[in-house]
Amino acid sequence: MALSRSARIGAVVTAAASFFVIAASSAPTPGASGIGDPYFPQLGNGGFDARHYDLDIAYTPDTGRLDGRTTLRARATQNLSSFDLDLQRLQVTRVEVDGRRARFTRDGDEITVSPRDVLRKGRAFTVTVTYGGVPEALGGPIVFGSRYGWMKTGDGVFVACEPNAASTWFPSSDHPSDKATYDIRIKAPKGLTGVSNGRLVSTYDRHGSTYTHWRESRPMATYLATATIGKFDVRTGRTPGGIPMYVAVDPVLKNANSVDVYGVTAAATDYWSQVFGPYPFEETGAIVDDMPEAGFSLEVQSKPAYSAVRSESTIVHELAHQWFGDSVSVARWKDIWLNEGFATYAQWLWAEHRGTRSAHDSFLADYNARPATSSFWQIKVADPQRDTMFASAVYDRGAMTLQVLRERIGDTAFFRLLPAWTRLHRYGNASTADFIRLAEHVSGRQLDDLFATWLFTPGKPAL
Ligand SMILES: [Zn+2]
């Protein structure tokens, strides 16, 4: 995610950690209502592993109503008497498990499903949820100073859900530690285009509606899914390096575009493929929508979503996230610097690549811009707390940490480390401890002091 204005920092709330005790006996028990992320204890669900979502949605811009049916293929990871799904606000009308109607109850954002038969550990099952209503964007304490999630636009909807808004439009295990593949089917009024992740399988008009089917065949975190709908000019092709592209631009913004979104997307996708390792997804691209209220862009998997025209630097940031955040995803939200610090550092690398400024000079400019008394230095980058998880320190001090690391271990080791990281954790999840371990392994150096100072200790480090 890239912020287009300074983050408003809400009060810091330390969420109570949740602990779940798994009984050793084989008696079936309910799956946990959350995976226990201290920042969002109720997000994600215990007792099963989500494998594939089939999302089928119909959206009516005039009324704002969404009607959906989600079929989730999953595997039980314990003997389950019941399990939960996350869904915010929308109404559930029917639930089936393996095609048979199942009882369900609701407590706030948790739907508890009780299948007719116990789901034994290791068993594959499908759960189908029929639901509907008017999705609402989220706001409140989480921090980047904008509403986010399912956001109505003049001609449709802009959907960008980090960190916890995917469950405002589809029932899910809404945490990045439970990634899955997707089929996404969108029905919208004829003339509007539904844009989503992965590659376009089919699109056709029928009875006044346009049906679009997308498939994301690589694992994806829930917050990276989109179903952005509106009027779009679409341009497809390939990068010079051969990666298929799909770029959708709201025609309202055609003349506002001083940046060549298509050209920068192609060039940056190819350049990052050299620096970070092979491009992890089937397609690259962009969604540029007229949603100025959003004030941010998001690294939607395979097609970053820009809520208005953005700078070249923002585009290279969101594309760097395809490796750092989308392919290699955080294990817990406190690891968010592994996304934002790296994507910000990529902006410095891009400036270096273009010959406009060295990463060292970018580091110094950021470092010198903040006096030691600045609150910037008080954020603990490796655990910034939920309501300040998108504070500028997570981005900028995270990037500074990488420059300090590069200067300590040297360019050769540093530019071996980055692709080693994306290869080792490709399509998976990783933590700050994993990164420190790999950096020490690749460089053959002891680096505890460096990371302790830059990531774990508030205060402005001395140079
Ligand atoms: Zn970002």
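This is a short talk on the cavity, the nonpolar core and one helix of a predicted model.

Hi everyone, thanks for coming. Let me start with the empty space. How many cavities of 30 Å³ or more does a search of the whole structure find? The search turns up 1. The largest cavity holds about 40 Å³ of space.

Who lines the largest cavity? You can pick out Phe-324, Gly-325, Val-328, Ser-329, Val-330, Leu-338, Asn-339, Trp-421 and Ala-430 on your screens. Sorted by class, that lining has 6 nonpolar residues and 3 polar ones, with no charged residues. Two elements, β23 (329-330) and α3 (337-354), each contribute at least two residues to the lining.

Since α3 came up, let's stay with it for a moment. Helix α3 is 18 residues long and spans 25 Å from first C-alpha to last, close to the 26 Å expected at 1.5 Å a residue. Is α3 mostly covered or mostly open? Mostly covered, with 15 of its 18 residues buried. Right after α3 comes Gly-355, which has a positive phi of about 80°.

Now, on to the core. The largest nonpolar core contains 145 residues, and Phe-83, Trp-169, Trp-272, Phe-276, Leu-405 and Phe-435 have the most contacts inside it. Helix α5, residues 392-424, provides the largest share of this core, with 15 residues.

Take a closer look at Trp-169, if you have the viewer open. Leaving out residues up to four places away in sequence, Trp-169 touches a good list of partners, including Leu-55, Ile-57, Leu-66, Leu-90, Tyr-131 and Trp-150. Also among the residues Trp-169 touches are Val-159, Cys-161, Ala-225, Thr-226 and Ala-227.

That's my tour, thanks for listening!

Conventions: Residues are numbered from 1 along each chain as its sequence is written. This is a predicted model: local features need pLDDT of at least 70, side-chain atom pairs count only at pLDDT 80 or more; totals for chains, interfaces and linings use all residues. Side-chain values use heavy atoms; hydrogens and water are left out. On a 1 Å grid over the protein atoms alone, a cavity is a set of points where a 1.4 Å probe fits but cannot get out, and a pocket is an open set with protein on both sides within 12 Å along at least five of seven lines; lining residues have an atom within 4 Å of a point. Grid points are joined across faces, edges and corners, and a volume is the space filled by probe spheres set on the points. Helices (H or I, at least four residues) and strands (E, at least two) are DSSP runs, numbered from the N terminus. Ala, Val, Leu, Ile, Met, Phe, Trp, Tyr, Cys and Pro count as nonpolar, Asp, Glu, Lys and Arg as charged, and the others, Gly among them, as polar. A nonpolar core is a set of buried Ala, Val, Leu, Ile, Met, Phe, Trp, Tyr and Cys residues joined through side-chain atoms within 4.5 Å. Buried means under 20% relative accessible area, exposed over 50%, partly exposed in between (1.4 Å probe, protein chains only). Contact means heavy atoms within 4.5 Å. The expected span of a helix is 1.5 Å times one less than its number of residues.
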